[in-house]
Amino acid sequence: MDAATLTYDTLRFGEFEDFPETSEPVWILGKQYNALTEKDDILSDVTSRLWFTYRKNFPPIGGTGPTSDTGWGCMLRCGQMILGEALVCRHLGRDWRWARGHKQREEYISILNAFIDKKDSYYSIHQIAQMGVGEGKPIGQWYGPNTVAQVLKKLAVFDTWSRLVVHVAMDNTVVIEEIRACSESEGMGELNGCLEGACALAEEETALWKPLVLLIPLRLGLSDINEAYIETLKQCFMLPQSLGVIGGKPNSAHYFIGYVGEELIYLDPHTTQPAVEPCEDGQVPDETYHCQHPPCRMHICELDPSIAAGFFCRTEDEFDDWCMRIRRLSCNRWGLPMFELVDSQPSHMVSVDALNLTPDFSDSDRLERFFDSEDEEFEILSL
């Protein structure tokens, strides 16, 4: 078995490879570390990320469906991880750290409850799987990065506590005009409908801008990643707005959170743990939601070219800063840009709504031809 695919299912805790002793910088979701002097800080940062894995013995999905997602839910779990990181940044801040056995903040418990494996949690495996059914993905079918991004976009609408805007940028193009319209118009609509108690909200909650989760599905090659994109991909992990990348190998998804040298650092969902039930006092037994062994690593050239990169911009200023950094990266000559950043929608781009199509089975071939994609991961879902 390839060492890069080893997980809890095949290894004991003590058999994980320790983090390398190297002078090369280590980047974890926009934070730079020195492996020689800050190894404890690196491991603390990785452990503090929410780690969602296969689970078993949860309530049947849809009432009569599977009680475990082993073998099919890895990309769904990676979707949970990238969105979970956005919620941590939203409610706790990027510098928040988890410690075993410590009483946690109320916001942290609320975040975990949003992912508990039951039908009424905002982002549970139940919600993601059932939302996928409406998009032509039967429960138990493997998702691609674009599919899970589209489903998360739909689910976030119901999360009135986090009040996020999830934007999925299609056709390798981020359109600034679309993002501003989405974030600001939705925020204004909510303000116009608020009751008199709105003045009790924090100032940030009453701003027109709603915290943005930007997901960008990409294809960085045909069967293998094009090496011209590698340096650009690394740069994405250095941005302070980085949420990481979901992708992996064919039918085997990982959540990539950084890199060191030519190796990607990732959290692996491929271990099956028992489902967790919240305690009577509302607390959640949380140790199994944090990876407490050295993180997995794999050579960047092993990455499947189908990925989705994620970014979080809490404020409009952070989004403006992200745009500036992306434009600066696109001017560098050491790598190809992974996507295009434009002010308004190019004339060659046609919205899905304009096609007046729904992604049922009769239209799927037509949609794939229109968007020049042979990969089912990049089917276009109705919005």
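Two aromatic rings of Phe, Tyr or Trp count as a pair if their centres lie within 6.5 Å. Keep that in mind as you work through this predicted model.

**Exercise 1. Meet the aromatic residues.** Find out how many aromatic pairs the whole structure holds, and which residues form one aromatic cluster.

*Solution.* Step 1: a search of the whole structure gives 10 aromatic pairs. Step 2: one aromatic cluster is formed by Phe52, Phe115, Tyr122, Tyr123 and Tyr289. Step 3: pick out Tyr122, which sits in the loop between α3 (106–113) and α4 (125–133). We will come back to Tyr122 in the next exercise.

**Exercise 2. Place Tyr122 on the surface scale.** Decide whether Tyr122 is buried, partly exposed or exposed, and name the residues that make a nonpolar surface patch with Tyr122.

*Solution.* Step 1: recall the cut-offs, with buried under 20% relative accessible area and exposed over 50%. Step 2: Tyr122 has 31% relative accessibility, so Tyr122 counts as partly exposed. Step 3: Tyr122 joins Val157, Phe158 and Trp161 in a nonpolar surface patch of about 420 Å².

**Exercise 3. Classify two ring pairs.** Work out which kind of pair Phe311 and Trp322 form, then do the same for Trp322 and Phe339.

*Solution.* Step 1: a pair of aromatic rings is described by the distance of the centres and the angle of the planes. Step 2: planes under 30 degrees apart count as stacked, over 60 as edge-to-face and the rest as tilted. Step 3: for Phe311 and Trp322, the centres are 5.2 Å apart and the planes meet at 55°, so this pair is tilted. Step 4: Phe311 belongs to strand β12 (residues 306–313) and Trp322 to helix α9 (residues 316–330), so the pair links distant parts of the chain, 11 residues apart. Step 5: Trp322 also pairs with Phe339, at 6.0 Å centre to centre and 10° between the planes, and this pair is stacked. Step 6: because Trp322 lies in helix α9 and Phe339 in the loop between α9 and β13 (340–342), the pair ties together parts 17 residues apart in sequence. Step 7: check the burial: Phe311 and Trp322 are both buried, and so is Phe339.

**Exercise 4. Explore the nonpolar cores.** Which residues have the most contacts inside the largest nonpolar core, and which helix gives the most to this core?

*Solution.* Step 1: the largest nonpolar core has 68 residues, and Val26, Val213 and Tyr255 have the most contacts inside it. Step 2: helix α2 (residues 74–91) gives the most to this core, with 11 residues. Step 3: look around Tyr255; leaving aside neighbours within four places in sequence, its contacts include Leu29, Cys78, Met81, Ile82 and Tyr266. Step 4: apart from this core lies another, of 41 residues, with Val174, Leu214, Ile307 and Phe339 among them.

**Exercise 5. Buried or exposed?** Decide which of these words fits Gln273, and list what Gln273 touches.

*Solution.* Step 1: locate Gln273 in strand β10 (residues 272–274). Step 2: the relative accessibility of Gln273 is 10%, which means that Gln273 counts as buried. Step 3: not counting residues up to four places away in sequence, Gln273 touches Trp51, Thr53, Tyr54, Arg55, Lys56 and Thr288.

**Exercise 6. Look at one helix.** Name the buried residues of α4 and say what they pack against.

*Solution.* Step 1: the buried residues of α4 are Ile125, His126, Ile128, Ala129 and Gly132. Step 2: these buried residues pack against α2 and α5 (145–156).

Conventions:
Residues are numbered from 1 along each chain as its sequence is written. This is a predicted model: local features need pLDDT of at least 70, side-chain atom pairs count only at pLDDT 80 or more; totals for chains, interfaces and linings use all residues. Side-chain values use heavy atoms; hydrogens and water are left out. Patches are made of residues with over 30% relative accessible area and no salt bridge: like charges are joined within 9 Å, nonpolar side chains (Val, Leu, Ile, Met, Phe, Trp, Tyr) within 5 Å. Accessible areas come from the Shrake-Rupley method with a 1.4 Å probe; for residues, only the protein chains shown count as cover. A salt bridge is a side-chain nitrogen of Lys or Arg within 4 Å of a carboxyl oxygen of Asp or Glu. Helices (H or I, at least four residues) and strands (E, at least two) are DSSP runs, numbered from the N terminus. Buried means under 20% relative accessible area, exposed over 50%, partly exposed in between (1.4 Å probe, protein chains only). A nonpolar core is a set of buried Ala, Val, Leu, Ile, Met, Phe, Trp, Tyr and Cys residues joined through side-chain atoms within 4.5 Å. Contact means heavy atoms within 4.5 Å.
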